Every structure is written in C-alpha cells, then in structure tokens.
Amino acid sequence: MELRMGRIELSLGILLFGSLLPSEVLGKEVNLLDTSTAQGELGWLPDPPEVGWSEMQQMINGTPVYMYQDCSVLSEGDTDHWLRTNWIYRGEAASRVYVELKFTVRDCKSFKGEVVTCKETFNLYYMESEQDVGIQFRRPMFIKLNTVAADRSFTNRDIESGAMQLNTEVCPIGKLSRRGFYLAFQNSGACVAMVSVRVYYKTCPEVVQGLAHFPETLAGSEGLTEVPGACVEYAAEEMGSPPRMHCSTDGEWLVPMGRCLCAVGFEEVDGSCVGPPSAPRNVSFSLIGTQLSLWWQPPSDHGGRKDLTYTVFCQRCHFLSCDPCEPGVVFSPSASGLTKTSVDVDGLEAYTNYTFAVEAHNGVSGMGPAPQRTAPAVWVAVGHAAPVTVSQFILTQRDDSSLSVSWLAPRQRSRTSVEYEVMFFEKGEEARYTVKHLLEPNVTLTDLQPDTTYMLRVRSITPLGPGPYSQEQEFRTLPPDTGALSGGVIASIIFGVLLFIGLLLGILFFRRKQAHRRQARPDYSTSGFDREKVWLKPYVDLQPYDDPSRGVLEFIKELDVSCVTMENVIGEGKQIGIGGGEINLEIFASWFKQEGRVTLRLPSCSGSDGIPYRSIPEWLESIRMKRYISNFRTAGLDTMESILDLTAE
C-alpha cells in the first residue's frame with residue numbers, strides 16, 4: 001500500500017512539474033535523441049522486466065509525454081533495476097556528445113515506516129556498437145559514465161504545496177568512435193522518475209567574421225579546432241594574413257586571426273562587401289502598332305545588396321544620330337525606380353526608329369568606380385500606328401431629318417492615315433443598321449425620321465486594321481415643322497417691336513424739346529383766327545425785281561390785314577437813302593402803337609433754326625440782298641443793332 005501511494009505521489013509531482021527550465025545552450029546543439037518530443041511509447045528495455053522501471057504517460061501543457069519511473073524503496077533485499085535505451089545512431093557526427101537528463105528524486109526522509117533501502121542517486125552507463133543488437137542486454141559491456149545525484153529532492157510537504165523540484169544533469173561522453181551507442185540507467189534504491197532524456201552534440205555555428213565566412217564546424221572532443229575562413233564575395237585576403245578562427249569543445253568560436261578586404265569599387269556594409277550590380281540580361285520586346293512592351297532578366301550580380309532597381313532609357317534615332325525621346329512617350333508604371341523586370345511604353349511615333357536601354361542600380365550605385373551595368377540597347381522600328389477607340393462625341397447640328405455629329409480625332413503624331421467607320425440605326429432596330437466610311441472625324445446623317453432616336457457607333461481604321469467600336473451614342477432628331485413660329489423668331493419680333501417703340505418715343509421727345517425752344521422766343525398772338533391758315537414769308541426776295549420797292553409791295557399784298565397788329569411805329573414812312581438808293585422804312589416797320597422811341601421789327605431777324613443773325617452781311621445773304629451790303633455800310637449801318645434800333649429821326 002505504501003509502495004502504491006509512493007508511485008501515485010511521484011506521478012502527481014511529474015504531472016505538475018514535468019516541464020520547467022531548459023538547459024543552457026552553448027554554441028549550436030544538434031539533437032540525436034529527445035524523448036520530450038516523442039509521439040508514442042519509447043519501448044526501452046527494463047531489466048528485470050517484471051519489477052523496477054515502468055513506462056507511463058503524463059499530460060503536460062495538453063501534450064502527452066512518455067517517461068519512466070522506479071520507486072522500490074520499500075522492497076526487501078538489494079535493489080538493482082536497469083533500464084536501457086534504444087540504439088542511438090551517431091553516424092559521422094562529433095566524437096563528443098552530451099546527455100541531458102531531467103528527473104525528480106524523492107527525499108528518503110519523507111517516507112513513513114521502516115525503510116529497508118533508500119537512496120537519492122542513480123547511475124548512468126553507455127555502450128558503443130556498430131549496429132543495433134536488439135533485446136540483447138549485456139550489463140558487463142556497459143561503461144559507467146556518472147553517478148547522478150539530485151540537487152533538489154521533494155517531500156510530502158512539497159507535494160502538498162506544489163513545490164516539486166525538477167533536476168537537470170548534463171553529462172558529456174567523449175571520444176566516441178563507433179556508429180552508435182546505448183545508454184543505461186541503474187537504480188539501486190531511489191524513488192526516481194526520468195522525465196526526459198536528450199542526447200546531442202555541439203557545433204560552432206556558421207558565421208561571417210572580418211569579411212570571412214566560417215562554416216558550421218563540429219566541436220572537437222578536446223582542445224581547439226582551427227578552421228580556415230573564406231573571404232566573402234567582392235573581398236580578398238590581406239596579403240600574408242589569411243582569415244582563421246578556432247572552434248572550442250563547447251561550440252564557441254575563439255581566437256580570430258587574419259582578415260579580408262573589400263575589392264576596389266566596393267565598401268563594407270554589415271559584414272559584407274557591396275557594390276553596384278551588373279547589367280540586366282536578355283532585354284526583349286513586343287510591338288503592337290505604336291505600343292511597346294519591354295522585359296528583361298535580373299543581373300547575374302546584384303552587388304551584394306537586395307535593393308535592386310531599374311531605369312529605362314529611350315532615344316529617337318534618325319539616320320546615325322539619336323536624341324532623347326519626346327515627353328509624349330509615356331512609360332508605365334515609370335521609366336525609373338522600377339522594381340519589376342518589365343515596362344510598357346506608349347506614345348511612340350509611327351515610321352520612326354527608337355533605341356531602349358535598361359540600367360540596374362542599388363544603394364551604392366555611383367559611389368565609386370563601377371563595372372558596366374547597362375544592358376545593350378535594343379533597336380525598335382515602329383511601323384503603322386494601331387487604331388484607337390474613338391471618344392468625345394459632339395452633336396453640332398440637327399433638324400427633323402438630319403443629324404451632324406463630330407468626335408475627337410485620335411492623337412496621331414505620325415503620318416499614319418486614319419479613316420473612320422460609322423454605324424447607325426434606329427433605337428431598338430439594331431438589325432437594320434447603315435455603315436458609312438469617312439476620312440474626317442465628323443458625319444452628317446440625312447433622310448432620317450423626325451422625332452426619332454438613333455444609336456451611333458464609330459471606330460477608327462489604320463493600315464493595321466480596324467479598332468474597337470466606341471460606346472453607343474444616342475441622338476434624336478427634331479419633331480416635324482408645323483409652321484408655328486419658333487421661340488427664337490418670336491423673341492426677335494418682340495425685340496423689333498420694342499426697338500420701334502423706343503425710336504418713336506425718342507422722336508416725339510426730340511420734337512417736343514424743339515417746340516419748347518420755339519416757345520421760348522416772342523410769339524405773336526393768333527387768337528381769333530385759324531393759325532394753320534396764316535402763312536408768312538420770313539423774308540422778301542428782291543433779286544428778281546429791278547425796283548426793290550415793287551417787290552416789297554407785292555409781299556405786303558400777301559398779308560392778311562386782320563392778322564396784323566401794331567407794336568411800334570418806326571419813323572413816318574419816310575424814304576431814307578441807303579448807299580445812293582431809297583428804301584421805304586414803312587416796309588420794315590410794324591404798325592405803330594404808341595409814340596416815342598420805336599424799334600425796327602423786321603420780318604425775320606433770325607435763321608430758320610432760330611439762331612439770330614450775327615451780322616448784316618449774313619442777314620442780307622439769307623434774304624438774297626447781298627448786293628446791298630455796300631449801301632448799308634455807306635449809310636453807317638454796320639451792325640444788326642443799328643438796324644433794329646432805327647428811329648424816326
């Protein structure tokens with residue numbers, strides 16, 4: 001009963017603390033055996049098979065772990081229980097291997113009752129062999145490697161508090177020479193559980209030191225192993241000092257000697273020599289019309305770096321001279337900074353020769369002397385331009401039986417001839433279509449139905465063939481003309497009427513203003529008679545008469561006496577001489593009204609436009625009596641005032 005209880009307590013401790021701290025790693029460790037990762041029963045050989053070591057399975061972190069335990073401390077007599085592993089293949093590995101044991105041991109003082117035998121140690125053995133010997137277990141052939149003692153043992157109190165301790169022991173095995181070996185564990189009275197067993201050997205890991213590469217090297221069984229290094233790419237040994245390092249038995253690199261130097265044109269970056277890449281390889285292209293696709297292979301030498309980019313150079317050639325391509329040549333996605341090994345080129349001119357070159361770059365390009373990194377240029381001869389899709393339609397004119405449509409002509413910077421094919425049909429009648437061929441980017445469709453929607457498709461045609469049709473465009477003819485005035489005509493008529501009314505009002509306003517000017521001058525009263533029946537000559541034309549007095553008398557006969565009023569009396573009707581002739585002042589004077597100083601009132605003292613006469617010659621000329629100017633001057637009548645102020649004296 002006590003023995004069973006001990007096994008249960010031991011199992012509980014293993015369950016709680018079977019997975020703890022890993023061993024310290026020195027160098028690189030290569031496992032030959034690791035039971036902690038086993039997926040099934042280990043199948044080791046216990047001796048004797050009936051008692052002693054037994055295999056068990058425990059769940060640790062959700063993973064089944066297979067292990068062995070032995071707790072025969074209460075049995076009578078000597079305890080000598082052995083457990084042998086399966087054959088461990090070493091092959092050509094290092095002659096020095098390491099055995100790592102993880103185990104628990106119970107404190108002998110924690111057992112109650114009489115204890116016949118109890119220990120807290122067990123022994124580790126090994127045996128070399130060229131092949132697996134199966135179930136043969138020859139104890140005398142095993143060599144003792146070490147007596148393993150627990151640094152920490154657990155008691156009942158540890159089990160209750162959950163403070164079970166896990167021990168780790170590492171035992172080296174040196175100078176192995178055969179292809180494989182066995183391990184064996186001898187228990188002479190301890191309560192022990194073997195949680196895991198790991199067998200491994202150490203190597204000095206692959207490393208780059210001082211621009212020299214040192215490969216992974218098996219650690220020796222004793223002392224230091226000298227390992228020569230190889231200079232990294234673009235580096236060379238320093239004269240008389242080749243690179244070397246030493247690998248220790250613990251897998252550590254020690255005592256570096258010698259060094260390497262970067263070649264000319266390269267620099268040391270992060271332990272390697274870097275420089276510009278070599279030229280891209282195998283530049284190829286495909287050409288469809290004026291659209292070009294370029295692709296190439298990466299350079300064989302990246303210069304020791306990964307930041308590789310490409311730049312594409314374009315030149316337009318005429319005879320033997322080449323110039324950079326025009327801005328109209330477009331690279332997709334770009335002409336520089338490319339990370340992929342391809343690019344598309346558009347906007348080339350038909351019937352033109354081009355060259356394209358590809359150059360590789362990295363982060364140190366241009367920092368020093370660099371090898372050739374530009375691929376040989378490829379020669380591209382562009383022929384006919386490929387047709388493009390027509391777009392941007394404009395309805396320029398329409399009526400009830402025709403439609404005029406234009407569209408944007410494709411941008412052709414070359415001499416490629418472009419024609420157009422127009423397909424149109426009534427909407428919903430696609431099977432009944434009409435096709436027209438044109439040389440210009442416009443069309444007029446005639447003999448159409450009024451107030452009808454038509455669908456239009458257009459495509460361009462070059463010597464390479466027709467391009468794709470454009471998207472369908474929808475246009476509608478006008479309704480039939482019914483004779484009614486259109487909105488534009490009605491607006492024009494209204495505008496004309498308003499303009500006429502404005503002109504008429506302007507004329508009336510101007511005439512009224514003229515009438516006001518006439519009313520500002522002295523007016524004669526015409527009350528009591530019909531004003532329209534009165535007609536007076538403003539002057540007397542005496543030129544046709546030999547005797548001026550006769551002409552005046554005839555003028556007087558035309559006056560209606562009833563319409564004449566007297567305002568002033570000028571003289572007494574005397575004859576006065578003017579320059580040798582006589583003029584009856586009675587002709588010029590109005591009827592007198594009162595005595596005293598009178599003013600001569602001539603038939604007219606101003607022109608027809610109401611402006612007063614400025615001089616006697618002007619007045620006489622207006623009444624066609626210019627020939628009497630000298631007579632007036634001889635009489636001392638030089639101004640109009642002198643004429644108008646004539647008195648009876």
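A network of salt bridges links Glu29, Glu100 and Arg198. That trio is a handy place to start with this predicted model, where the salt bridges come to 14 in total.

Another of these pairings brings Arg139 and Asp80 together, with 3.1 Å between their closest N and O atoms. Arg139 belongs to the loop between strand 8 (121–129) and strand 9 (143–149), while Asp80 belongs to the loop between strand 4 (63–71) and strand 5 (81–84), so this salt bridge ties together parts of the chain that are 59 residues apart in sequence. What about their exposure? Arg139 has a relative accessibility of 24%, so it counts as partly exposed. Asp80 comes out at 33% relative accessibility and is also put down as partly exposed.

Further along the chain, Lys427 and Glu474 meet through their side chains in a salt bridge, at 3.3 Å from N to O. Here too, distant parts of the chain are linked: Lys427 sits in the loop between strand 34 (419–426) and strand 35 (434–438), Glu474 sits in strand 39 (residues 473–476), and the two are 47 residues apart. With a relative accessible area of 47%, Glu474 is partly exposed.

Then there is Glu472, which forms a salt bridge with Arg457; the closest N and O atoms of this pair are 2.3 Å apart. Glu472 is found in the loop between strand 38 (465–466) and strand 39, and Arg457 is found in strand 37 (residues 453–462), so the parts being tied together are 15 residues apart in sequence. Is each partner buried or exposed, or something in between? Glu472 is partly exposed at 38% relative accessibility. Arg457, on the other hand, has 17% relative accessibility, and because buried means under 20%, Arg457 counts as buried.

Now for the strands. Strands of a sheet pair through backbone hydrogen bonds, and they can do so in a parallel or an antiparallel way. One open sheet in this model is made of 3 strands, in the order 32-33-36, with antiparallel pairing. Which strands stand at its edges? Strand 32 (391–398) and strand 36 (442–445) do, and each has a single partner strand, so one side of each is left without a neighbour in the sheet. On average, and ignoring direction, neighbouring strands of this sheet are turned by 20 degrees against each other. Zooming in, strand 32 and strand 33 (residues 403–408) run antiparallel and are joined by 6 bridges. Ile394 is found opposite Ser406 of strand 33.

A hairpin gives another view of antiparallel pairing. Strand 19 (residues 244–247) and strand 20 (residues 253–257) pair in this sense over 3 bridges. His246 stands opposite Leu254, which belongs to strand 20. Between strand 19 and strand 20 there are 5 residues, and in the turn of this hairpin Gly251 has a positive phi of about 80 degrees.

Stepping back to the whole protein chain, the secondary structure adds up to 7 helices and 41 strands. The chain has 649 residues, and 38% of them count as buried. Its accessible surface is about 38,100 Å², with 52% of that belonging to carbon and sulfur atoms. As for how the chain touches itself, take the contacts between residues at least 6 apart in sequence: 68% of these join residues at least 24 apart.

Note on methods:
Residues are numbered from 1 along each chain as its sequence is written. This is a predicted model: local features need pLDDT of at least 70, side-chain atom pairs count only at pLDDT 80 or more; totals for chains, interfaces and linings use all residues. Side-chain values use heavy atoms; hydrogens and water are left out. A salt bridge is a side-chain nitrogen of Lys or Arg within 4 Å of a carboxyl oxygen of Asp or Glu. Helices (H or I, at least four residues) and strands (E, at least two) are DSSP runs, numbered from the N terminus. Buried means under 20% relative accessible area, exposed over 50%, partly exposed in between (1.4 Å probe, protein chains only). Two strands pair if DSSP finds at least two bridges between them. Contact means heavy atoms within 4.5 Å. Accessible areas come from the Shrake-Rupley method with a 1.4 Å probe; for residues, only the protein chains shown count as cover. Axes are lines fitted to C-alpha atoms, for helices over the stretch in contact, and angles run from 0 to 180 degrees between N-to-C directions.
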